Amino acid sequence: MSVMEDVLKYIDVYDPRFCVAVIAIIFNPFFWNVVARWEHRTRGLTRLFGGPYLACYCLGTLIILLNVYRSHSMTVAMKAQARWEVMASPEVFYTGAALMALGSVLVVTSFLALGFTGTFLGDYFGILMEEKVKGFPFNVTENPMYWGSTANYLGLAFISPLMRWLKLLIFDKAFDVSWQRRRCYSQLLFQECQSGGVGADSSGSHFIPSGHHL
């Protein structure tokens, strides 16, 4: 209990900046999952933008902007906070740098393998991938972009030893888990899903994964 009390004294959950960051963490995956499911049911964005690809690009761009704001709000919330001296050492700093390097590799290579529409909810727009990507990083982990972003935030927490970075990181990733997307065969979709194969919906036209994009 004494250790927990020592940890909690670095956390002020009533700070408005902290609250804004928490709201951003909750809102982002909730928003894009609701919009994506609405699009699948109604094709509203496809009709609005005149085609599935443009609609997907616009939603993906909005997701990127929301994530930029989330990261910004987390940074703002952390700057004025007390440092956790336990983490203020060169070893911890270099560990954080290594985690950020690893996370960046996973995120970038995942994006290159999936493409824009494969990364940003293209399956909800009926944009399905033709074949499975078996190369790196999907041959290492099933969800490389998810784990890459986790490594990035954890590395940033180590480099900037602020106790509430860890608090927000834990909250962010715990919330993300509840929305994590389960894609067909390592987060990739196949044309066979369109023909009523594994993962097709009742009409046999589109695959509906559960969970969320990163």
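Leu-45 touches Val-35, Trp-38, Glu-39, Ala-55 and Phe-125, leaving aside residues up to four places away in sequence. Leu-45 also belongs to the largest nonpolar core, which has 13 residues. Keep in mind that this is a predicted model. The protein has eight helices and zero strands, and this briefing works outward from Leu-45 to the rest of the chain.

**The cores**

- Besides Leu-45, the residues with the most contacts inside the largest nonpolar core are Leu-59, Ile-63, Leu-121, Tyr-124 and Phe-125.
- Two elements, H2 and helix H4 (52-79), give two or more residues to this core.
- H4 gives the most, with four residues.
- Apart from this core lies another one, of eight residues, including Phe-18, Ala-21, Ile-25 and Met-78.

**Around Trp-38**

- Trp-38 sits in helix H2, which runs over residues 16-42.
- The relative accessible area of Trp-38 is 38%, so this residue counts as partly exposed.
- Not counting residues up to four places away in sequence, Trp-38 touches Arg-43, Gly-44 and Leu-45.
- Trp-38 and Tyr-124 are 86 residues apart along the chain, yet their C-alpha atoms are separated by 8.9 Å.

**Arg-43, just past H2**

- Arg-43 is in the loop between H2 and helix H3 (44-49).
- With a relative accessible area of 18%, Arg-43 is buried, because the cut-off for buried is under 20%.
- The side chain of Arg-43 meets that of Glu-39 in a salt bridge, at 3.8 Å from N to O.
- Both partners, Glu-39 and Arg-43, are buried.
- A polar atom of the Arg-43 side chain also lies 3.4 Å from the backbone oxygen of His-40.
- Arg-43 is not a glycine, but its phi is positive, at about 55°.

**Salt bridges**

- How many salt bridges does a search of the whole structure find? The search finds two.
- One is the Glu-39 and Arg-43 pair described above.
- Asp-15 and Arg-17 form a salt bridge too, and their closest N and O atoms are 3.2 Å apart.
- Is Asp-15 buried or exposed? Asp-15 counts as buried, at 8% relative accessibility.
- Arg-17, at 36% relative accessibility, counts as partly exposed.

**Backbone oddities**

- Most residues other than glycine have a negative phi, and most peptide bonds are trans.
- Leu-121 goes the other way, with a positive phi near 65°.
- Leu-121 lies in the loop between H5 and H6, and its relative accessible area of 0% makes this residue buried.
- The peptide bond from Phe-136 to Pro-137 is cis, and its omega is near 5°.
- Pro-137 is in the loop between helix H5 (90-119) and H6.

**Thr-150 in H6**

- Thr-150 is part of helix H6, residues 144-159.
- Thr-150 counts as buried, at 15% relative accessibility.
- Its side chain reaches the backbone oxygen of Tyr-146 at 3.0 Å.

**What the UniProt record says**

- The unreviewed UniProt entry lists "transmembrane region" for residues 18-38, 50-69, 92-125 and 145-163.
- In the model, residues 18-38 are 100% helix and 0% strand, with their end C-alpha atoms 31 Å apart.
- Residues 50-69 are 90% helix and 0% strand, and there the end C-alpha atoms lie 28 Å apart.
- The unreviewed entry also carries the annotation "intramembrane region", covering residues 16-36.
- Residues 16-36 are 100% helix and 0% strand, with 30 Å between the end C-alpha atoms.

**The whole chain**

- Along the sequence, the pattern reads α-α-α-α-α-α-α-α.
- The protein has 214 residues, of which 47% count as buried.
- Take the contacts between residues at least 6 apart in sequence: 82% of them join residues at least 24 apart.
- The accessible surface comes to about 10900 Å², and carbon and sulfur atoms account for 67% of that surface.

Note on methods: Residues are numbered from 1 along each chain as its sequence is written. This is a predicted model: local features need pLDDT of at least 70, side-chain atom pairs count only at pLDDT 80 or more; totals for chains, interfaces and linings use all residues. Side-chain values use heavy atoms; hydrogens and water are left out. A salt bridge is a side-chain nitrogen of Lys or Arg within 4 Å of a carboxyl oxygen of Asp or Glu. Buried means under 20% relative accessible area, exposed over 50%, partly exposed in between (1.4 Å probe, protein chains only). UniProt positions are given in the numbering used here, feature names are shortened, and annotations may be inferred rather than shown by experiment. Contact means heavy atoms within 4.5 Å. Accessible areas come from the Shrake-Rupley method with a 1.4 Å probe; for residues, only the protein chains shown count as cover. A nonpolar core is a set of buried Ala, Val, Leu, Ile, Met, Phe, Trp, Tyr and Cys residues joined through side-chain atoms within 4.5 Å. A polar contact is a pair of N or O atoms within 3.5 Å; within protein, one must be able to donate a hydrogen and the other to accept it, and residues adjacent in sequence count only if both atoms are side-chain atoms.
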